[in-house]
Amino acid sequence: MRSAKVALCALLVTGAAGLSSATASSASSASSAPSETRSAFALSSTAFADGGVIPKVHECTSGGGSDPAKRNESPPLNWSGAPAAAKSYAIVMRDLDNANLIHWVIYDIPASTTSLPQNVDHKYQPSVPAGARQVYYRGSASLYGYQGPCSPSTVNTYEFVVHALNQTSLTNLNSSSTTRTAAREIAAATIGSARITGES
């Protein structure tokens, strides 16, 4: 009987030691696991802070006014922390207070690009960034590319979204594609996005 008790105690001690060793090993593995150092996907502009006022230089010129400060120039945009699998980028700008009216679509932005300069050409294929394409805007103006805020009697919120895409080129789109069609194609290919808004 005594020998049985001794054996049972030895078994319990051995089990506890094994459990302690396993717990220590698990804790060691957790502490040695690689930490997440990648920053979140983010979009910013040197022209205005997120939620801030969009400068007049980026407002539309088709409202009938004669303010020389309004020049319909697209704002500079910068992004970082995009998914590593991104093969290209696209940017969609909407007026959130006007039925989400799309003001700008630029796509096929090369994966190596992480910014857009101010005043991207109003062309189907702008000079910068090379390889990018823009959708024709049909509304208060008729032009390729950026159409700035056009809300002279109200203050509206405009949203800029950069999309990381799983395709190098959106081959279903062409120079005749509408903004809505382009937005749908972009949404279908998106693997991540970042946004900022501005008031005007």
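## Exercises on a predicted fold

Six strands make up an open sheet with mixed pairing, in the order 2-11-10-4-5-7. Keep in mind that this is a predicted model. Let's work through it together.

**Exercise 1. Find which strands are the edge strands of the sheet, and see what packs on it.**

Step 1. Start from the strand order, 2-11-10-4-5-7.
Step 2. An edge strand pairs on one side only, and that description fits strand 2 and strand 7 (133–134).
Step 3. Now look for a helix. Helix 2 (residues 179–189) packs on the sheet and touches strand 4, strand 5, strand 10 and strand 11. Its direction makes about 50° with that of strand 5.

**Exercise 2. Decide whether strand 10 and strand 11 pair in the parallel or antiparallel sense.**

Step 1. As background, strands of a sheet pair through backbone hydrogen bonds, and both senses are possible.
Step 2. Here, strand 10 and strand 11 are joined by nine bridges in the antiparallel sense.
Step 3. Pick out one bridge to see it for yourself: Val 162 has Ala 194, in strand 11, as its partner.

**Exercise 3. Work out which strand gives the most to the largest nonpolar core.**

Step 1. A helpful idea first: in soluble globular proteins, nonpolar side chains tend to be buried together.
Step 2. The largest nonpolar core contains 24 residues, and Trp 79, Tyr 89, Ile 91, Trp 104 and Phe 160 have the most contacts inside it.
Step 3. At least two core residues come from each of strand 3 (77–80), strand 4 (88–95), strand 5 (101–110), strand 10 (157–165) and strand 11 (190–199).
Step 4. Strand 10 gives the most, with four residues.
Step 5. Zoom in on Phe 160: beyond its sequence neighbours within four places, its contacts include Leu 43, Val 92, Trp 104 and Ile 196.

**Exercise 4. Explain what the disulfide ties together.**

Step 1. Searching the whole structure turns up one disulfide. Cys 60 and Cys 150 form it, with sulfur atoms 1.9 Å apart.
Step 2. Cys 60 sits in the loop between strand 2 (52–53) and strand 3, while Cys 150 sits in the loop between strand 9 (142–144) and strand 10, so the bond links parts that are 90 residues apart in sequence.
Step 3. Check the surroundings: Cys 60 is buried at 6% relative accessible area, whereas Cys 150 is partly exposed at 27%.

**Exercise 5. Is Glu 59 buried or exposed, and which side chain does it join in a polar contact?**

Step 1. Locate Glu 59 in the loop between strand 2 and strand 3.
Step 2. The relative accessible area of Glu 59 is 12%, under the 20% cut-off, so Glu 59 is buried.
Step 3. The side chain of Glu 59 makes a polar contact of 3.0 Å with that of Ser 200.

Notes. Residues numbered from 1 in each chain as written. Predicted model: local features only at pLDDT ≥ 70, side-chain atom pairs only at ≥ 80, totals over all residues. Heavy atoms only, no water. Core = buried A, V, L, I, M, F, W, Y, C linked by side-chain atoms within 4.5 Å. Buried < 20%, exposed > 50% of the residue type's maximum accessible area, 1.4 Å probe, protein only. Contact = heavy atoms within 4.5 Å. Disulfide = S-S within 2.5 Å. Pairing = 2+ DSSP bridges. Axes fitted to C-alpha atoms, helices over the stretch in contact; angles between N-to-C directions. Polar contact = N/O pair within 3.5 Å; in protein donor to acceptor, adjacent residues only side chain to side chain.
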